[in-house]
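Open the model in your viewer and keep the selection panel at hand. The tour goes stop by stop, with something to select at each one.

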Amino acid sequence: MRGETCGTIPAPIWWCQRVESIMPEWPEVETTRRGLAPHLVGRRITALAVRQPRLRWPIPAILRRRLPGQRIDAVERRAKYLLVHTAAGSALLHLGMSGSLRVLPPRTPIGAHDHYDWRLDSGFVLRYTDPRRFGCLLWQPVGRTHALLTGLGPEPLSADFDGAYLKRRAHGRRVAVKNFLMDQGIVVGVGNIYAAEALFAAGIHPARAADAVSLARYERLADEVKRILAHAIERGGTTLRDFLSPDGAPGYFEQELFVYGRAGEPCRVCGTPIRTSVLGQRSTFHCAACQR
Ligand SMILES: [Zn+2]
């Protein structure tokens, strides 16, 4: 997304407009990655300015020693973490509950919640803003995987994630299938809203035991997870704010939600009132007629 200059305050050349009270979900982080990459890859970092090192974890001093002078080779995403790779190592970024990244012209006034800047040889600045400071900026040495990234399940859009994989991992698991699907050790990226919607699309009752779901139904479920997340990324890649529903499904039209946030309203497929319940301390929604 490109900004325009308004008044005397220079507008960012790229930013991801977001509602700060809503936690960035997986598709939004991928949208952020796609938006940032063209402004970062191939650029050299000339300086790292840290105004507030106390984020969720303190920003390690090693970043200030290692990052300046490095060229950015790639911007990757793993689960909801962004990895900015250089020859010296990788910066690991998380947006926490309320974080956002913008690419700004030099000398853009600094706000109260603007915690760090990366100055780039393009003249622009990568700036991190986070009122609640639950985000992080950490360091991953070359050839190592950061502890936060170990034990994560596959990416949902990868070939490693399919029905056979889910069926295998569900063996002997009596946990509700919705909680199973939201377990980051099983698959990353399936938040509460996406889990509810994917289970509806696959016709699976959210409270069904994970090991009681057949391979054929897991194949359907994996396909629906991929379709729903890919769609959210596509939407998020246009104008996120316009598509952000009050229930916080980034990239989704509210009218595209089949069950989430629709308690008591008629099912869009069969007309049965949508039911709500609590599973694993999270509110969930399903149609008792369409989902078994
Ligand atoms: Zn229904």
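Which residue just after α5 takes a positive phi? Select Gly203: its phi is about 70°. Bear in mind throughout that this is a predicted model.

**Stop 1: helix α5**

Step back from Gly203 into the helix and select residues 192-202, which make up α5. Colour them by accessibility. Of the 11 residues, 11 are buried, so the helix is largely enclosed by the rest of the structure. The buried set runs from aromatic side chains such as Tyr194 and Phe200 to the charged Glu197. Also on the list are Asn192, Ile193 and Leu199, together with Ala195, Ala196, Ala198, Ala201 and Ala202.

**Stop 2: the nonpolar core**

Now select Leu166, Leu181, Val190, Tyr218, Leu221 and Val225. These have the most contacts inside the largest nonpolar core, a set of 30 residues. Four helices each supply at least two residues of this core: α3 (163-170), α4 (177-182), α5 and α6 (215-236). Which helix gives the most? That is α6, with eight residues.

**Stop 3: the loop between α5 and α6**

Select Arg208, in the loop between α5 and α6. Its relative accessible area is 29%, so Arg208 counts as partly exposed. Add Arg292 to the selection and draw a distance between the C-alpha atoms. The two residues are 84 apart along the chain, yet these atoms are separated by 7.7 Å.

**Stop 4: the zinc site**

Select the zinc ion and show its ligands. Which atoms coordinate it? The SG atoms of Cys267, Cys270, Cys287 and Cys290 do, at 2.2 to 2.4 Å. The angles between the four donor atoms run from 98 to 114°, and therefore the arrangement is tetrahedral. For reference, the ideal angle for four tetrahedral donors is 109.5 degrees. Along the chain, the donors follow the spacing C-x2-C-x16-C-x2-C.

Take Cys270 and Cys290 as a pair: they link distant parts of the chain, 20 residues apart. Cys270 sits in the loop between α7 (240-243) and β10 (275-279). Cys290 is in the segment after β11 (282-286). Switch on a surface here. Cys270 has 38% relative accessibility, so it counts as partly exposed. Cys290, at 24%, also counts as partly exposed.

**Stop 5: two positive phi values outside glycine**

Most residues other than glycine have a negative phi. Two exceptions are worth a look.

Stay by the zinc-site strands and select Gln281, in the loop between β10 and β11. Its phi is near 65°. Is Gln281 buried or exposed? At 77% relative accessibility, Gln281 counts as exposed.

Then go to Ala79, in the loop between β3 (74-78) and β4 (81-86). Ala79 has a phi near 50°. Its relative accessible area is 5%, so Ala79 is buried.

**Stop 6: the largest pocket**

Finish with the largest pocket, which holds about 420 Å³ of space. Select Met23, Glu25, Lys80, His94 and Gln184: of the 20 lining residues, these are the closest to its centre. Colour the lining by class. The pocket lining has 10 nonpolar, six polar and four charged residues.

Notes
Residues numbered from 1 in each chain as written. Predicted model: local features only at pLDDT ≥ 70, side-chain atom pairs only at ≥ 80, totals over all residues. Heavy atoms only, no water. 1 Å grid on protein atoms, 1.4 Å probe; cavity = no way out; pocket = protein on both sides within 12 Å on 5 of 7 lines; lining within 4 Å. Points joined across faces, edges and corners; volume = space filled by probe spheres on them. Buried < 20%, exposed > 50% of the residue type's maximum accessible area, 1.4 Å probe, protein only. Donors = N, O, S within 2.8 Å, 3.2 Å for Na, K, Ca; no water. Tetrahedral: all angles 85-135°; square planar, octahedral: opposite > 155°, others 65-115°. Core = buried A, V, L, I, M, F, W, Y, C linked by side-chain atoms within 4.5 Å.
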